[in-house]
There are 2 protein chains.
Amino acid sequence: MNILIVYAHPESQSLNGSLKDFAVSHLQAAGHNVQVSDLYAMQWKAALDAGDNTEPSPGPFQPSQDSQHAYHNGTQSPDIAAEQKKLQWSDTVIFQFPLWWFSMPAIMKGWVERVYAYGFAYGVGEHSDTHWGDRYGEGKMTGKRAMLIVTTGGWEPHYSARGINGPIDDLLFPIHHGILHYPGFTVLPPLVFYRTGRTDENRYSQMLYELTERLNTLENASPIAFRQQNGGDYDIPSLTLKTDITPEINGFSAHVK
Amino acid sequence: MNILIVYAHPESQSLNGSLKDFAVSHLQAAGHNVQVSDLYAMQWKAALDAGDNTEPSPGPFQPSQDSQHAYHNGTQSPDIAAEQKKLQWSDTVIFQFPLWWFSMPAIMKGWVERVYAYGFAYGVGEHSDTHWGDRYGEGKMTGKRAMLIVTTGGWEPHYSARGINGPIDDLLFPIHHGILHYPGFTVLPPLVFYRTGRTDENRYSQMLYELTERLNTLENASPIAFRQQNGGDYDIPSLTLKTDITPEINGFSAHVK
């Protein structure tokens, strides 16, 4: 497989750096082709702005419209186009990052905002009475798999169903569903390492074991069963779940079969 | 009151820019002192890195520890110290931004990551059998109010209880609870404007009316009733809700009284 690792940590000599290096070596040894977008090392520009189009449209900057024009006219900033090319090349994408303030680091959020151009990751497909664009299960990433590898300093029970931080699956839903399922990725369950400030040699060995297991099963692990937007479960255009679909469930979990 | 507006949009001649300008004028006319952190105009550095400490510690960069040293030794990057000073000055903080990929723009996430130093916004207070640090309802922001003003291109029903994007309150929970309640802010309900791509003159007038109402009630509006971490509802150190607290509820909503 072709595997892209989008990676965000400011220090190469960190737990995250070690896990990333291990993943690259292990995947290559297994015969895969690996590319890494090491966002800090690349000094990735985090802020989406008018400079993302090398030939900005006249008048006030309109983020979506300008992104669309740049994507269609081939005038995107070269760093954006290069990342899109890597995505197109990939069969599987791994996003690895430390959980900072309950989400991905700003530099990775800025990768999403800038690489996810209008016409590439959203604003794709036709709108009709039965089809609200190619999104949430359809889109240009269809057929590709994606998985998060996340480290957090917090304790696992703090991220449990009744833990104070909120359940980890709910905290990651905006990424899993809103960033990965949206343009068509098949989303694998995340690999989350907790309380990483207390990583001794034994714990690190255990992490490598768990990581190896997940890397070895990228091709056949069962994905999160998110519903397809245009698969019949949603009313269009309100895009609310039909009344006969798990009527007793509200919120994020209603969108998983 | 002293009011800080932390604002992120790349175009001053945008709906967000107009709403921000209106808010500043209206609040000043009402006698408040207003400061604005216009992150794009300030070219705010989004990526947290070793450069955030003007005298970096030797050895590999450790984000939390380095942040702690810089905060305590007065060697933080001046842009970070300036924002902390604005926060200390403020009675109320408004965060205004377009919802991009179901969260705040990267440039604002980077404001949180860099300004929220160890010792300032986390790592505050003592840990004991009955007190797990000053957080989730206690901390240096205690006594200050905070409110989000959010615009989104999506339709309101798509953000409803059974809407495909997930409920807006759940999407904003990591910000409301994890970023604002965490260091002690009293969090007001958000002001959310939907489907902003279709803003005609009538709709804009209505927005200003709703915005005015919320600006006029900053001091006395009822906040979101998040539970206090050290208030008796949570077991310590697992920080899970005690079994007799709304035992039938899991997830984000269990943390609101």
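Student: What makes the meeting of the side chains of Arg114(A) and Asp79(A) a salt bridge?

Tutor: A salt bridge is a side-chain nitrogen of Lys or Arg within 4 Å of a carboxyl oxygen of Asp or Glu. Between Arg114(A) and Asp79(A) the distance from N to O is 3.1 Å, so the pair qualifies under the 4 Å limit. The pair links distant parts of the chain, 35 residues apart: Arg114(A) belongs to helix H4 (residues 106–115) of chain A and Asp79(A) to helix H3 (residues 78–89) of chain A. Helices here are DSSP runs (H or I, at least four residues), numbered from the N terminus.

Student: On what basis are such values given?

Tutor: This is a predicted model, in which local features need pLDDT of at least 70 and side-chain atom pairs count only at pLDDT 80 or more, while totals for chains, interfaces and linings use all residues; side-chain values use heavy atoms, with hydrogens and water left out. Residues are numbered from 1 along each chain as its sequence is written, and chains are lettered from A and ligands numbered from 1 in the order in which they are written.

Student: Is Arg114(A) buried or exposed, and how do you know?

Tutor: Buried means under 20% relative accessible area, exposed over 50%, and partly exposed in between (1.4 Å probe, protein chains only). Arg114(A) has a relative accessible area of 3% and is therefore buried. Asp79(A) is at 25% and therefore counts as partly exposed.

Student: Which residues are linked with Asp79(A) and Arg114(A) in a network of salt bridges?

Tutor: The network joins Lys45(A), Asp49(A) and Asp52(A) to Asp79(A) and Arg114(A). Over all chains, a search of the whole structure finds 18 salt bridges.

Student: What makes Lys20(A) and Asp21(A) a salt bridge?

Tutor: Their closest N and O atoms are 2.9 Å apart. Lys20(A), at 12% relative accessibility, is buried, whereas Asp21(A), at 40%, is partly exposed. Glu210(A) and Arg203(A) also form a salt bridge, with the closest N and O atoms 3.7 Å apart.

Student: Why is the space of about 120 Å³ called a cavity?

Tutor: On a 1 Å grid over the protein atoms alone, a cavity is a set of points where a 1.4 Å probe fits but cannot get out, and lining residues have an atom within 4 Å of a point. The structure holds two cavities of 30 Å³ or more, and the space of about 120 Å³ is the second largest. Of its 15 lining residues, Asp52(A), Pro63(A), Ser67(A), Ile80(A) and Arg114(A) lie nearest its centre. Helix H2 (63–73) and H4 of chain A each supply at least two lining residues, and H2(A) gives the most, with four.

Student: Which residues lie closest to the centre of the largest cavity?

Tutor: The largest cavity holds about 170 Å³ of space. Closest to its centre, among 18 lining residues, are Phe102(A), Ser103(A), Pro174(A), Phe102(B) and Ser103(B). Helix H5 (168–181) of chain A and helix H5 (168–181) of chain B each supply at least two residues of this lining.

Student: How do you know how chain A is related to chain B?

Tutor: Copies are superposed by least squares on the C-alpha atoms of residues with pLDDT of at least 70 in both. A turn of 180° with a shift of 0.0 Å along the axis lays chain A on chain B with an RMSD of 0.0 Å. The two copies are thus related as by a two-fold rotation axis. In chain A, the C-alpha nearest the axis is that of Ala106(A), at 2.3 Å.

Key. 1 Å grid on protein atoms, 1.4 Å probe; cavity = no way out; pocket = protein on both sides within 12 Å on 5 of 7 lines; lining within 4 Å. Points joined across faces, edges and corners; volume = space filled by probe spheres on them.
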